[in-house]
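Colleague: Please pick one part of this model and take me through it closely. Then follow the side-chain contacts outward from there.

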Amino acid sequence: MDSVRSDIHLTATGVLTGLLLSLSAPAARPASDPVPPVRGRAYMGIGVLAHDGRDSTDDETTADDGTRDDGTGDAAPDTRTGQTEGVDVSGHQRVVAWQTLWDNGTRWAYSKATEGTSYKNPYFARQYNGSYAMGIIHGAYHFATPDTSRGAAQADHFVDHGGGWSEDARTLPGALDIEWNPYGDACYGKSKSAMIRWIRAFLKRYKARTGRNAVIYTSTTWWTRCTGDYTGFGATNPLWIARYGPTPGPLPSGWSSYTMWQYTSSGKTVGDHDRFNGTPSALRDLATG
C-alpha cells in the first residue's frame with residue numbers, strides 16, 4: 001500500500017512539474033509569423049513574394065532541372081513569343097547547373113553580388129563566371145538596404161565587388177534590387193521623398209562609375225507605396241518588374257513597358273525565372289550599351 005501511495009505521489013508531482021514548465025516556457029512562433037532572414041541572406045523577390053504573394057491563376061512551377069511546367073508542358077504562348085528566358089540566382093543556389101539551364105533555353109542570368117555595404121555573395125564569382133563560360137549573357141545585382149547606409153556608398157560597394165560593366169556585348173548593366181524590406185519596415189523607415197533621393201543617389205553614382213544606367217528591379221505595389229509612384233526614372237533606367245502571375249500586370253508610373261519580368265519565385269536550386277522583353281539580338285544590344 002505504501003508503494004502504491006508513493007507511485008501516486010511521484011506521478012502527481014511529475015504532472016505538476018510538467019504543467020509548471022509548460023506554463024513558463026515561451027510560446028512557439030506560429031507558422032504564419034516567419035522569422036526575418038539574417039542580414040545578407042536576402043534575394044531578389046524575397047519581399048515581393050512575402051507581401052504580394054503569387055497570383056492564384058499562376059499554376060506554373062519550376063523543377064530543379066530548370067524546366068517549366070504550367071500543366072501543359074510549356075509557358076503560355078502570349079507571354080513567351082518574342083521574349084528571351086533568363087534566371088536570377090544568389091548565394092542560396094550556391095553551385096548552379098548552367099549547362100542544364102542553357103539546354104532548357106536560358107540565355108541570360110543575373111547573380112547577386114552585394115547587399116548593403118558589407119555583404120558579398122561568397123558564390124558570386126563562381127556563378128558569374130560560370131554563366132559567362134556557358135555563353136549566357138550575364139549581369140550582377142545589388143540588394144538595397146536604404147536604412148543601413150547612403151545610396152552612393154552602396155553603389156560603390158556594388159561596383160567594387162562585381163557590379164561593374166564590361167564593354168564585351170555579354171555583360172548586362174547592373175541591377176538595383178529595391179523591394180519590400182525583409183528585415184523590418186516595408187519602406188526602410190524612409191518617407192517617399194527620402195526614398196526617391198536614396199535611389200537617385202545610387203543610380204547617379206552607378207552611372208558615374210560604369211557609364212551605364214542601372215536596371216531597376218521592383219514591384220508596382222512597393223514602388224507605389226514607398227516612392228509615391230515616382231515617374232522620374234522611367235526615361236533612363238530599364239525596368240525589371242516582379243509579379244508572379246500570368247502577366248506582368250500594371251507597371252509603375254514612368255515606364256510604358258518593361259525590359260525584364262521576374263515571373264516566378266519558385267526556382268529552388270536553379271534560381272527564379274525571368275523573361276527579357278525582346279529577342280536575343282535585343283538582349284545583346286542592351287549588353288552592348
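Modeller: Start with strand β3. All six of its six residues are buried, so β3 is largely enclosed by the rest of the structure. Buried means under 20% relative accessible area, exposed means over 50%, and partly exposed is in between (1.4 Å probe, protein chains only). Strands (E, at least two residues) and helices (H or I, at least four) are DSSP runs, numbered from the N terminus.

A word on the model itself. This is a predicted model, in which local features need pLDDT of at least 70 and side-chain atom pairs count only at pLDDT 80 or more, while totals for chains, interfaces and linings use all residues. Residues are numbered from 1 along each chain as its sequence is written, and side-chain values use heavy atoms, with hydrogens and water left out.

Back to β3. In a regular strand the side chains alternate between the two faces of the sheet. Here both faces are covered. T84, G86 and D88 are buried on one side. E85, V87 and V89 are buried on the other.

Which strands does β3 pair with? One is β11, in the antiparallel sense, over five bridges. Another is β4 (residues 108–115), in the parallel sense, over four bridges. Two strands count as paired if DSSP finds at least two bridges between them. V87 serves as a marker for each pairing. It stands opposite H273 in β11. Its bridge partner in β4 is A109.

Side chains join β3 and β11 as well. Side chains of opposite charge can pair when their charged atoms come close. R275 and E85 meet in a salt bridge at 3.5 Å, N to O. The term asks for a side-chain nitrogen of Lys or Arg within 4 Å of a carboxyl oxygen of Asp or Glu. R275 sits in β11 (residues 272–276) and E85 in β3 (residues 84–89), so this pair links parts of the chain 190 residues apart. Both R275 and E85 are buried.

How many salt bridges are there in the whole structure? The search finds six. Another joins R39 to D147, with the closest N and O atoms 3.4 Å apart. R39 lies in the loop between α1 (2–24) and α2 (46–52), and D147 in the loop between β6 and α6 (151–163), so the pair ties together parts 108 residues apart in sequence. R39 is partly exposed, at 43% relative accessible area. D147 is partly exposed too, at 36%.

Now move to E115. Its side chain meets that of K112 in a salt bridge of 2.6 Å, N to O. Both E115 and K112 are buried. Elsewhere, salt bridges that share partners join D156, D160, R205 and R209 into one network.

E115 also leads to H142. H142 touches E115, along with T114, G116, Q154, F158, A175, L176, D177 and F202, leaving aside residues up to four places away in sequence. Touching means heavy atoms within 4.5 Å. H142 is in strand β6 (residues 137–143). Its relative accessible area is 0%, so H142 is buried. A polar contact of 2.8 Å joins its side chain to that of Q154. Such a contact is a pair of N or O atoms within 3.5 Å; within protein, one must be able to donate a hydrogen and the other to accept it, and residues adjacent in sequence count only if both atoms are side-chain atoms.

Last, the rings. Rings of Phe, Tyr and Trp (its six-membered ring) pair if their centres lie within 6.5 Å; planes under 30 degrees apart are stacked, over 60 edge-to-face, and the rest tilted. By this rule there are 14 aromatic pairs. W223 and F233 pair edge-to-face, at 6.2 Å centre to centre and 75° between planes. W223 is in helix α8 (residues 220–227), and F233 is in the loop between α8 and β9 (239–242), 10 residues away. W223 is buried at 0% relative accessibility. F233 is buried at 6%. W223 also pairs with W255: centres 5.5 Å apart, planes at 70°, so edge-to-face. W255 lies in the loop between β9 and β10 (260–262), so this pair ties together parts 32 residues apart in sequence. W255 is buried at 9%. Ring pairs link W222, W223, Y230, F233 and W255 into a cluster.
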